[in-house]
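Here are some comments for your file, set out as numbered points. Please read them with the structure open beside you.

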Amino acid sequence: MTSPNKTIAVTGGTGFIGASLLSQLRDEPLQIRALTRRDQADRSVEWIKGELDNDGALKTLVANADIVIHIAGLTKAPNRKTLFSANAEAAGRLARHAAAAGVTRFVLVSSLAAREPRLSPYAASKRGGEDAVRAQKGDMEVVIVRPPAIIGPGDDATAQLLDAMKRGWLPVPGGATRKETRLSFMYVDDIARFILRQVDEPYTRHPLEPVSEIDGISWQMLATTASAILSKPVRQLPVSPVILFPAAFLTEAVCALFGKSTFFNTGKVREMLHSDWTGSNVMDGARPFKDSLALAFGQDIANDEA
């Protein structure tokens with residue numbers, strides 16, 4: 001339960017995490033204001049029409065707000081410049097307006113990838129967003145949340161991985177050399193709940209890296225868990241960097257030629273080959289990984305337990 005009568009301003013409220021956050025915010029005694037590019041039918045939220053490069057819309061969004069929760073950003077883009085514009089420059093711009101409006105706390109939803117900014121343009125842009133917000137914070141408390149991989153129905157970023165496992169295969173980047181890789185996953189509603197908690201949690205300057213399990217998940221554990229949920233074998237399919245990098249480079253080049261965005265690029269390959277994607281803040285009450293994965297596959301947990 002959050003403190004009553006506060007005004008919460010949200011960006012990214014129509015996205016994957018943001019939609020879950022707004023759904024949970026509606027159950028709280030709060031005034032909710034959210035930025036949107038299109039007309040929205042939901043009248044429980046005060047929608048502010050505009051985009052992150054629109055100073056007028058941002059000023060309206062944060063006016064008299066107590067808390068700003070900034071989720072909006074890009075996970076893929078046709079080039080590095082576009083990523084930095086959306087993930088770094090926009091975050092700094094919003095923080096500047098929020099500080100000028102007297103906002104007391106700014107919750108920035110970054111990414112666990114920001115911990116390793118040299119791996120990819122995406123990771124660098126998310127770290128850039130953290131730096132930009134800190135530079136503009138004024139008297140605001142800045143709380144940085146770095147989510148791990150988020151899973152749930154309808155998520156574009158993990159859809160191909162889930163589809164591959166449904167077909168009985170789990171591609172393992174790096175193959176045998178990646179046996180000790182540790183991954184972290186959280187269900188979308190859990191990460192939204194963790195973000196909402198930051199409205200009232202004691203202030204911490206250090207980035208928060210929420211996870212549902214402290215030791216992470218190995219590729220073998222992922223395959224085994226998927227097999228149990230799907231009631232069919234899910235076999236690991238080692239994919240060598242010798243294959244991954246040329247394929248990613250070609251995909252990246254073709255998409256850049258046509259101005260398209262892709263999740264699969266050389267930076268993403270470097271992220272996939274990184275061995276440690278575990279966080280340090282275990283979330284109390286988060287779903288067990290098996291339940292999260294089952295829900296992401298579209299299975300009904302309550303029926304499974306009955």
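1. In this predicted model, the second largest pocket has a volume of about 300 Å³. Of the 22 residues that line the second largest pocket, those closest to its centre are A77, L83, P121, E252 and N265.

2. As to which helices build this lining, α3 (80–100), α4 (121–135), α8 (241–257) and α9 (266–273) each supply at least two residues of the lining of the second largest pocket. Among the contributors, α9 gives the most, with five residues of that lining.

3. The chemical character of the second largest pocket is mixed, since its lining has eight nonpolar, seven polar and seven charged residues.

4. Turning to a single side chain, K6 lies in the segment before β1 (7–11), and the side chain of K6 makes a polar contact with the side chain of D200, at 3.1 Å. When residues up to four places away in sequence are not counted, K6 touches P29, L30, Q31, D66, I67, V199 and D200, so that D200 appears both as a polar partner and in the list of residues touched.

5. Is R167 buried or exposed? R167, which is found in the loop between α5 (156–166) and β8 (169–173), counts as exposed because its relative accessibility is 62%, and the cut-off for exposed is over 50%.

6. One distance may help in orienting the view: R167 and D189 are 22 residues apart in sequence, and they are 26 Å apart in space, taken from C-alpha to C-alpha.

Note on methods: Residues are numbered from 1 along each chain as its sequence is written. This is a predicted model: local features need pLDDT of at least 70, side-chain atom pairs count only at pLDDT 80 or more; totals for chains, interfaces and linings use all residues. Side-chain values use heavy atoms; hydrogens and water are left out. On a 1 Å grid over the protein atoms alone, a cavity is a set of points where a 1.4 Å probe fits but cannot get out, and a pocket is an open set with protein on both sides within 12 Å along at least five of seven lines; lining residues have an atom within 4 Å of a point. Grid points are joined across faces, edges and corners, and a volume is the space filled by probe spheres set on the points. Helices (H or I, at least four residues) and strands (E, at least two) are DSSP runs, numbered from the N terminus. Ala, Val, Leu, Ile, Met, Phe, Trp, Tyr, Cys and Pro count as nonpolar, Asp, Glu, Lys and Arg as charged, and the others, Gly among them, as polar. A polar contact is a pair of N or O atoms within 3.5 Å; within protein, one must be able to donate a hydrogen and the other to accept it, and residues adjacent in sequence count only if both atoms are side-chain atoms. Contact means heavy atoms within 4.5 Å. Buried means under 20% relative accessible area, exposed over 50%, partly exposed in between (1.4 Å probe, protein chains only).
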